[in-house]
Amino acid sequence: MIITSITRYGDKGNRYRIDVDGEYWYILADTLVMDFRLRKGMAVTEELLGEIRAAADYRKGRERAFYLLESREHTKSELAAKLARNIDWETARKIADEMESLGLIHETDYARRLAQYLSSVKHHGSRRIYQELMIKGFSGSDIQSALDDIETDEDELTALVRKKYARYLQLADEEEPSGFHRGYSKGKNKAIQGLMRLGYGFGESLAAVERVEAELAEEAQE
């Protein structure tokens, strides 16, 4: 096989189109053209072309990784998954490992900050936080460490119930004959289910709802 053409590609002038045996083969950065000493008329093998393509993919993936990490934090698995949309998985994993070695990925600290954000801003409970961190690709130890720093604030949970569900608790609903919990009104069930969807356990959800019910009852008597 012969490189039949090396022509400048695009407006920036730092990329070249490579044709092999008269057909398009790949777009390479100028540094790779120089590193592999490519020139028109040069004989190439499938092995050499594979090596060049791998180097090009690594360079492309590395540049993409820097861009992604500049925009926001990522876990290694999350970063690798995004890179693997355009390059092979093994190369994506190697780049993610490199980003960690460069100090650009700090999963333990990231897990803690994200858990705190989900707790204090999104008002998620520990179960929902666990699920979110799992989806992000954090390790079990990092997730547990992050959750150890999270405590449910009863006052904040009570305030959340008042803000989101007080109007339902004030309705004179009949007892729910079936569904989530028999014997509770529809409004009470709705409030408990809402908190549980946010990741709070049944016990703490029920306690928060009943605190608000008691407060509302007192206010109605004043």
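Select D21 to begin: this residue of the predicted model lies in the loop between β2 (15-20) and β3 (23-29). Look at its backbone, where phi is near 55°, a positive value in a residue other than glycine. As for its surroundings, D21 counts as partly exposed because its relative accessibility is 45%, between the 20% and 50% limits.

**Around the first strands**

Step back to D19 and show its side chain together with that of R17. The two side chains meet in a salt bridge, with 2.8 Å from N to O. Which of the two partners is buried? D19 is, at 11% relative accessibility, whereas R17 is partly exposed, with a relative accessible area of 32%.

Keep R17 on screen and add T7, which lies in strand β1 (residues 3-8). Leaving aside residues up to four places away in sequence, T7 touches R15, Y16 and R17. At 35% relative accessibility, T7 counts as partly exposed. Now draw a distance from the C-alpha atom of T7 to that of E219: the two atoms are separated by 80 Å, and the residues are 212 apart along the chain.

**Aromatic pairs**

Next, display the rings. How many aromatic pairs does a search of the whole structure find? There are 3. One of them is formed by W25 and Y26, a tilted pair with 5.4 Å centre to centre and 50° between the planes. W25 is buried, and Y26 is buried too.

Then select Y110 and F138. Their ring centres are 5.1 Å apart and their planes stand at 65°, so this pair is edge-to-face. Where along the chain do Y110 and F138 sit? Y110 belongs to helix α5, while F138 is in the loop between α6 (126-136) and α7 (140-148); the pair links distant parts of the chain, 28 residues apart. Try a surface display here: Y110 is buried, with a relative accessible area of 8%, and F138 is buried as well, at 4%. Both values fall under 20%, which is why both residues are called buried.

For a ring with another kind of partner, centre on Y168 and show K190. The charged end of K190 sits over the ring of Y168, 5.0 Å from its centre.

**Salt bridges and a small network**

Switch to charged side chains now. The structure holds 15 salt bridges. Side chains of opposite charge can pair when their charged atoms come close.

Pick R72 and E78 first. Their side chains meet in a salt bridge, 2.6 Å from N to O. R72 is partly exposed, with a relative accessible area of 31%, while E78 counts as buried at 13% relative accessibility. Which residue joins R72 and E78 in a network of salt bridges? Add K136 to the selection: R72, E78 and K136 are linked in such a network.

From R72, move along to E73 and bring R113 into view. R113 and E73 form a salt bridge in which the closest N and O atoms are 2.3 Å apart. This pair also links distant parts of the chain: R113 is in helix α5, E73 is in the loop between α2 (46-71) and α3 (76-83), and they are 40 residues apart. Are these partners buried or partly exposed? R113 counts as partly exposed at 44% relative accessibility, and E73 counts as partly exposed at 31%.

**A nonpolar patch and one last loop**

Turn on the molecular surface and colour F66, L102 and L104. These residues make a nonpolar surface patch of about 250 Å². Zoom in on L102, which lies in the loop between α4 (89-101) and α5 (107-120). L102 is partly exposed, with a relative accessible area of 46%.

Follow the chain past α5 for the final stop. H123 is found in the loop between α5 and α6. What is the sign of phi at H123? Phi is positive, about 60°, although H123 is not a glycine. H123 counts as partly exposed, at 32% relative accessibility. To close the tour, put H123 beside the starting point: D21 too has a positive phi, near 55°, and D21 too counts as partly exposed, at 45% relative accessibility.

Methods: Residues are numbered from 1 along each chain as its sequence is written. This is a predicted model: local features need pLDDT of at least 70, side-chain atom pairs count only at pLDDT 80 or more; totals for chains, interfaces and linings use all residues. Side-chain values use heavy atoms; hydrogens and water are left out. Patches are made of residues with over 30% relative accessible area and no salt bridge: like charges are joined within 9 Å, nonpolar side chains (Val, Leu, Ile, Met, Phe, Trp, Tyr) within 5 Å. Accessible areas come from the Shrake-Rupley method with a 1.4 Å probe; for residues, only the protein chains shown count as cover. A salt bridge is a side-chain nitrogen of Lys or Arg within 4 Å of a carboxyl oxygen of Asp or Glu. Helices (H or I, at least four residues) and strands (E, at least two) are DSSP runs, numbered from the N terminus. Buried means under 20% relative accessible area, exposed over 50%, partly exposed in between (1.4 Å probe, protein chains only). Rings of Phe, Tyr and Trp (its six-membered ring) pair if their centres lie within 6.5 Å; planes under 30 degrees apart count as stacked, over 60 as edge-to-face and the rest as tilted. A charge sits over a ring if NZ of Lys or CZ of Arg is within 6 Å of the ring centre and within 35 degrees of the ring normal. Contact means heavy atoms within 4.5 Å.
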